[in-house]
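The following exercises concern helix packing and salt bridges. Each task is followed by a solution in steps.

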Amino acid sequence: MEIENLFLPLSIIVSVYTLAFIFYTIRSKSNSKMNLPPGSFGWPIIGETFAFLNEPQEKFVGDRMKKYSPKVFKTSILDEPTAVLCGISGHKFISSNEEKLFLSWRPQSTQKLFRSSYQKAASEITKRADSVHIGKAPGFLKPEAVVRYIESMESIVQEHLKVHWEGKSTVEIYSLAQLLVTTLSARFFTGLQNNNDRCVKFAELINIIASGLHTFPINIPGTEFYRAMKAAEAMRKEVLLLIKEKKAAVSSSGAKVTDIMSHLLFNPDPTGRFIPENEVADKVMGLMTGGFHSPSMATSFLIKFLGENPKVCEKVRTEQLEIASSKQDGENLNWEDIQKMKYSWAVALEVMRLVPPLQGTFREVVTDFTYEGYTIPKGWKVYWSSSSTNKIAEHFPAPEEFDPSRFENGKAAPAYSNIPFGSGPRICPGKEYARLQLMCFLHHVVTRYKWEVINTKAKIAGGLNPVPKEGFHIRVQLYNKLA
């Protein structure tokens with residue numbers, strides 16, 4: 001009986017793989033007539049996905065640049081034929097041809113986790129209207145608007161340090177960075193206040209969801225995608241509950257609300273359509289998940305590099321203490337203060353050069369085009385990786401060294417080389433929010449604490465999220481009780 005129970009699923013797997021192999025062979029023959037980039041598609045279906053998801057991006061991309069071409073190579077990732085465009089010229093080409101040759105694309109796993117991202121809209125116009133609806137939400141992403149949130153941002157950061165750092169001899173910075181980022185995004189995106197338990201739950205769920213964003217969408221128990229789908233279901237329920245609470249609060253009090261979720265709920269899009277609650281929930285989930293790993297990584301690695309480089313840390317502290325001394329008691333930071341944090345931002349840029357928070361991104365090819373003499377067919381995906389530009393010795397001498405002076409005194413990296421927030425029309429719209437969040441945290445932590453990294457040789461995961469496998473543990477010492 002047990003053998004019979006095993007036979008059916010095994011026979012299904014064999015049949016599916018056989019059909020896929022036939023399809024793969026047919027597709028390969030049709031592609032063979034074109035002058036495709038050099039490279040390898042790897043195994044049918046699997047392609048080179050496992051290497052892509054598990055190796056450091058620097059190794060995956062770097063090895064193939066050496067083997068095939070430093071300009072472009074082909075591969076297969078998540079069962080998608082993909083051209084990887086490398087170097088500054090590759091980044092510039094993709095950025096310059098957004099909406100012409102390329103459209104934004106997300107893997108099936110990502111699409112299925114956020115249902116509204118794959119539900120077919122009535123037309124491309126409707127989808128763009130939704131994008132504009134979020135992009136033009138009042139007071140959210142422009143610097144002069146983001147600064148309005150600095151008071152609540154500082155309050156959250158100070159409370160976070162009081163609860164999770166004060167009185168501790170050691171802390172694990174990566175998990176705490178995830179919690180802080182989630183707490184800030186919950187306030188910014190949903191208006192959630194003073195609910196640590198909910199934010200802890202959100203952080204746990206988003207962490208699981210994020211692990212399934214780039215994987216095969218096999219929704220069976222035991223797979224990473226299955227766990228991510230379960231977490232997405234739980235997250236969706238939590239956000240829908242928040243939506244009901246928000247509507248009830250607005251209905252009873254008539255209070256004006258200024259968070260993104262409220263804007264989506266109570267304002268029609270440019271076509272006059274009110275977005276259904278389940279779609280609002282999916283969009284909020286997407287925003288919170290999209291703003292999870294990158295700022296958590298940037299925050300964690302910033303603390304790590306400063307802990308390992310005390311002279312740099314002391315220079316940052318001097319700059320931040322000078323800003324703090326110019327403020328009245330209880331006075332918040334403002335955008336002018338953020339602009340004064342020149343050395344601190346140079347340090348952050350160097351950290352993000354060495355460990356890019358945005359490892360790379362995919363696009364879908366909408367029409368055949370030629371690049372470096374090779375044909376890239378319609379329907380293929382293109383991928384750019386920051387690892388192909390962030391350590392070019394010509395632009396960054398001694399590229400493996402941590403050297404914030406590269407960005408001091410107005411120095412800027414060559415265009416399309418160090419791009420922690422992406423580039424071109426699709427540059428991260430939350431760039432200034434991320435900068436404010438990072439500098440606000442750094443201001444308060446460096447003026448109040450000193451620290452050293454305990455596990456300096458922490459193992460870092462490969463793939464698109466190079467996170468510390470066991471976290472970053474630091475030894476903490478109070479520097480200034482009154483800061």
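**Exercise 1. A salt bridge between two helices**

Determine whether lysine 244 is buried or exposed, and identify its salt-bridge partner.

Solution. The model is a predicted one. Lysine 244 has a relative accessible area of 52%; since the class "exposed" begins over 50%, lysine 244 is exposed. Its partner is glutamate 277, with 3.9 Å between the closest N and O atoms. This distance satisfies the criterion of a salt bridge, which requires a separation within 4 Å. The pair joins distant parts of the chain, as lysine 244 belongs to helix α11 and glutamate 277 to helix α13, 33 residues apart. Glutamate 277 is partly exposed, at 25% relative accessible area.

**Exercise 2. The packing of α11 and α13**

Describe how helix α11 and helix α13 pack, and state which residues make the contact.

Solution. Two packed helices are described by the angle between their axes and by the distance between those axes. For α11 (residues 224-253) and α13 (residues 277-290), the angle is about 115° and the axes are 9 Å apart. The crossing is right-handed. On the α11 side, the contact involves Ala232, Met235, Arg236, Val239, Leu240, Ile243, Lys244 and Lys247; α13 contributes Glu277, Asn278, Val280, Ala281, Asp282, Val284, Met285 and Met288. By class, these residues comprise 10 nonpolar, one polar and five charged.

**Exercise 3. The packing of α17 and α18**

Classify the orientation of α17 relative to α18, and give the composition of their contact.

Solution. The axes of α17 (residues 342-354) and α18 (residues 431-446) come within 11 Å and cross at roughly 115°. Helix α17 is therefore roughly perpendicular to α18. This crossing, too, is right-handed. Ser344, Trp345 and Ala348 of α17 meet Arg435, Leu438, Met439 and Leu442 of α18. The contact divides into five nonpolar residues, one polar and one charged.

**Exercise 4. Further salt bridges**

State how many salt bridges the structure holds, and examine the pairs lysine 59 with aspartate 63 and glutamate 279 with arginine 273.

Solution. The total is 24 salt bridges. Lysine 59 and aspartate 63 meet at 2.8 Å, N to O. Because they lie four residues apart in helix α3 (residues 57-67), about one helical turn separates them. Lysine 59 is partly exposed at 40% relative accessibility, and aspartate 63 is partly exposed at 34%.

In the second pair, the closest N and O atoms are 3.6 Å apart. Glutamate 279 is buried, at 15%, whereas arginine 273 is partly exposed, at 27%. Elsewhere, a network of salt bridges links Arg198, Lys201, Glu238 and Glu245.

Key: Residues numbered from 1 in each chain as written. Predicted model: local features only at pLDDT ≥ 70, side-chain atom pairs only at ≥ 80, totals over all residues. Heavy atoms only, no water. Axes fitted to C-alpha atoms, helices over the stretch in contact; angles between N-to-C directions. Helix = DSSP H or I, 4+ residues; strand = E, 2+ residues; numbered from the N terminus. Left-handed = near helix turned anticlockwise from the far one by under 90°. Contact = heavy atoms within 4.5 Å. Nonpolar A, V, L, I, M, F, W, Y, C, P; charged D, E, K, R; others polar. Parallel < 35°, antiparallel > 145°, perpendicular 65-115°, else oblique. Salt bridge = Lys/Arg side-chain N within 4 Å of Asp/Glu carboxyl O. Buried < 20%, exposed > 50% of the residue type's maximum accessible area, 1.4 Å probe, protein only.
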